[in-house]
Amino acid sequence: MNDEQLLDPLAQRVRDALSEVIDPEAGLDVVQLGLVYSIDASPASVRVRMTMTSAACPLGEEIVEEALSAIRRALPQVPDVDVELVWDPPWDPSMMSEEAKGFFGWSRP
Amino acid sequence: MSEAPGGRDRGAGGPGPRLPLLACAIGSLVLGVLAGLLRAGVAVPVATGEHVAAHALLMIGGFFGTVVSLERAVALGRGWATAAPLASALGAVALWVGAPAGWVAGLQLAAGAVLVAASVRLHRRQPQLHAQVLVVGAACWPAGTLAWIASGSVEAGIGLWISFLVVTIAGERLELSRFMPPAPAARRVFVGLLALVVIASPGWGFAGAPARVALGAGYLLLAGWLLRQDVARRTAREAGLTGFIGRALISGYAWLAIGALLTIAAALVPDPLRWDAALHALLLGFVMAMVFGHAPIIFPAVIRVRMPFHPGFYVPLALLHASLVLRVAGGLAGAPQWRAWGAVGNAIALATFLASVAASVWRGRRGRGRL
């Protein structure tokens, strides 16, 4: 999910909520790092598919719970919230936002 | 379908069963440190002569091995992978009670084998270079244990055991280095350095100085690679937890380089104090600095507690490095008293670390609900 992707207002609120979930090692949030693959939001349910840069990192469980809490705080009226951790497609550095790439010293395209 | 350690999968047993395993790891660390002090000539309670002989097994298998395999079991999210930290923790208990060496060796071998299996499973989930490196790192642990069993000497396993930790950390850092601008040539160099380390490690016990010099050279070049490619180059400039982790990493890489040079020096002109300096530069300066740096994110992930960042986290890290300078200077100057004082300082740094973790978890409990 990149910066340019247009989201409906509800999905946009989910994305804003996920921007509070920080990867402490990188110091950037999961949206900027390109870890959020898809957001399906309706007044009845929110479904998020996201990944981690490493399957061997024990932080997965923690990040998923942080994402769930952030969404529930932002949209307390939505009864059904689910965050699924997926490994397909594999995360690739090109999925990072331009801002994140700039932070890590990538040259501008 | 997700097979991840996400909200619905509690295969690694949740935080409850993990706590006793972590407690065994910390118990092994405490006893290992006391045994280390006794070895350095400092009179301490609890540790016995047997524990002194078991110092390396308590520290590398009992502490680091249990922590690494627990971390990997949590990442995999499968119950069977918890057998690795369980076997390793039982091995640590066997060491405390002075059980026959065969039991300890068998349990550590089993722990290493399950860690390899868990790492292979993770590689199938994410078939990439860094996951392969973690399999190689994991395999060094049981390989070192086999070298110990085959030779009857703990020393024979040391090279492989250090590489178990160095390669594991390097694999994790290789993964995070992908945040940095793409550098295909650097990845090829990494593979070459890894090959050098893996080929040289088994020779520690039987190939003498040439293998140890080669291993030291491999670690030295790896330290240079990490200093150049690691995301810590960027994150060390940040504030808060991210900056703390970045600075802990860079301090660790400096010790990896120093430990590598000391390994080469000790291999060329062997001396017990010089070896003490080399091994502790690598295992405390590098590996333990990684533990200090990552504790604020690993503890919360493994046992589900909050550990809010506090500038006090720098205190144990600074104590560790300062006391290690004294210890290494003692090794180079041939001054056993400095080494002993350095070892006492190292123990104080570790005690301060455990206290800072406990204080932070306590603050996290009190702060719960406010966020």
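Trainee: How many salt bridges does a search of the whole structure find over all chains?

Mentor: The search finds 14 over all chains, a salt bridge being a side-chain nitrogen of Lys or Arg within 4 Å of a carboxyl oxygen of Asp or Glu. This is a predicted model, in which local features need pLDDT of at least 70 and side-chain atom pairs count only at pLDDT 80 or more, while totals for chains, interfaces and linings use all residues. Side-chain values use heavy atoms, with hydrogens and water left out, residues are numbered from 1 along each chain as its sequence is written, and chains are lettered from A and ligands numbered from 1 in the order in which they are written.

Trainee: What makes R212(B) and E155(B) a salt bridge?

Mentor: Their side chains meet at 3.2 Å, N to O, and because the cut-off is within 4 Å, the pair qualifies. R212(B) lies in helix α9 (residues 208-229) of chain B and E155(B) in the loop between α6 (129-151) and α7 (158-176), 57 residues apart; helices here are DSSP runs of H or I with at least four residues.

Trainee: Why is R212(B) called buried?

Mentor: Its relative accessible area is 12%, and buried means under 20%, exposed over 50% and partly exposed in between, with a 1.4 Å probe and protein chains only, so R212(B) is buried.

Trainee: Why does E155(B) count as partly exposed?

Mentor: E155(B) has 45% relative accessibility, which lies between the two limits, and therefore counts as partly exposed.

Trainee: What makes K101(A) and E98(A) a salt bridge?

Mentor: The N to O distance is 3.6 Å, so this pair also meets the cut-off; both residues lie in helix α3 (residues 98-103) of chain A, three residues apart, about one turn of the helix.

Definitions and conventions: Helices (H or I, at least four residues) and strands (E, at least two) are DSSP runs, numbered from the N terminus.
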